[in-house]
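Welcome, and thanks for opening the viewer. Take a moment to turn the model around, then follow the stops below.

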Amino acid sequence: MIDWDEVNGAESVDELKNVKLWLFQENIRLANERKELALSREEFVNERVKFRQELDELNRKMMMEQKRLKEENIFFEKKMAILQDGFKHLDEDRRSLEQQKKEFAAQKLSVTKRESCSPASEEAVRLLFRGANNSLALRKRYRDLVKIFHPDNLFGDEELVQIINREYLRRREEQ
């Protein structure tokens, strides 16, 4: 701040020159500070504009990312619904298959019981052992029959082998 009383009260020309010099320097300093302030203000405005642009860009990217995530979430939900529907159908098919398997096993068991209990199959096995009167002939006939009808053979039959085993045991006990 300038003290005008001091300037008016200056007694000599030298004092006036000093005050004038000081005023000139002060004006230059203030002008430089105004320039710096103007430059700082321009830099501030430029930085503010850049910051606003960066903020807008980030907001745009965030909106795009949110949109992409929303679309991915919808796509994921659709895929999950398809998988759940597929698992539901697989479970239904598995249950149906198990039911058919049980029915088939029941049918097979009933057929096996009918065949194993049938006198015709027992009579056929008795014919297979016909002529095996002693234990050596009975054992040889048994081995030959098991070799022929064993389930591991091409035309093997497990049920027939079981019937042969029963008949062999029955005849062995008789002797």
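Which helix does Leu83 lie in? Select Leu83 and you will find yourself in helix H2, which covers residues 13–117. Keep in mind that you are looking at a predicted model.

**Stop one: a surface patch**

Stay with Leu83 and show its side chain. Leu83 counts as partly exposed because its relative accessibility is 48%. Now add Phe76, Met80, Phe87 and Leu90 to the selection: together with Leu83 they form a nonpolar patch on the surface. The accessible area of this patch comes to about 530 Å².

**Stop two: Val125**

Next, jump to Val125 in helix H3, residues 119–128. Is Val125 buried or exposed? Val125 is buried, because its relative accessible area is 0%. To see what it touches, select Leu160, Ile163, Ile164 and Glu167: these are the contacts of Val125 once neighbours within four places in sequence are set aside. You can also draw a distance from the C-alpha of Val125 to that of Val161; the two residues are 36 apart along the chain, and the separation is 9.7 Å.

**Stop three: helix H5**

Finally, select residues 158–174, which make up helix H5. Its 17 residues reach 24 Å from first C-alpha to last, close to the 24 Å expected at 1.5 Å a residue. Colour Val161, Ile163, Ile164, Glu167, Tyr168 and Arg171, which are buried in H5. These residues sit on the same side of H5, because they cover an arc of only 160° around the axis. Turn to the other side of H5 and you will meet Glu158 and Glu173, which are exposed.

Technical notes. Residues numbered from 1 in each chain as written. Predicted model: local features only at pLDDT ≥ 70, side-chain atom pairs only at ≥ 80, totals over all residues. Heavy atoms only, no water. Patch = residues over 30% accessible without salt bridge, like charges linked within 9 Å, V, L, I, M, F, W, Y side chains within 5 Å. Areas by Shrake-Rupley, 256 points an atom, 1.4 Å probe, with all protein chains shown as cover. Salt bridge = Lys/Arg side-chain N within 4 Å of Asp/Glu carboxyl O. Helix = DSSP H or I, 4+ residues; strand = E, 2+ residues; numbered from the N terminus. Buried < 20%, exposed > 50% of the residue type's maximum accessible area, 1.4 Å probe, protein only. Contact = heavy atoms within 4.5 Å. Expected span 1.5 Å × (residues − 1). Arc of directions from axis to C-beta.
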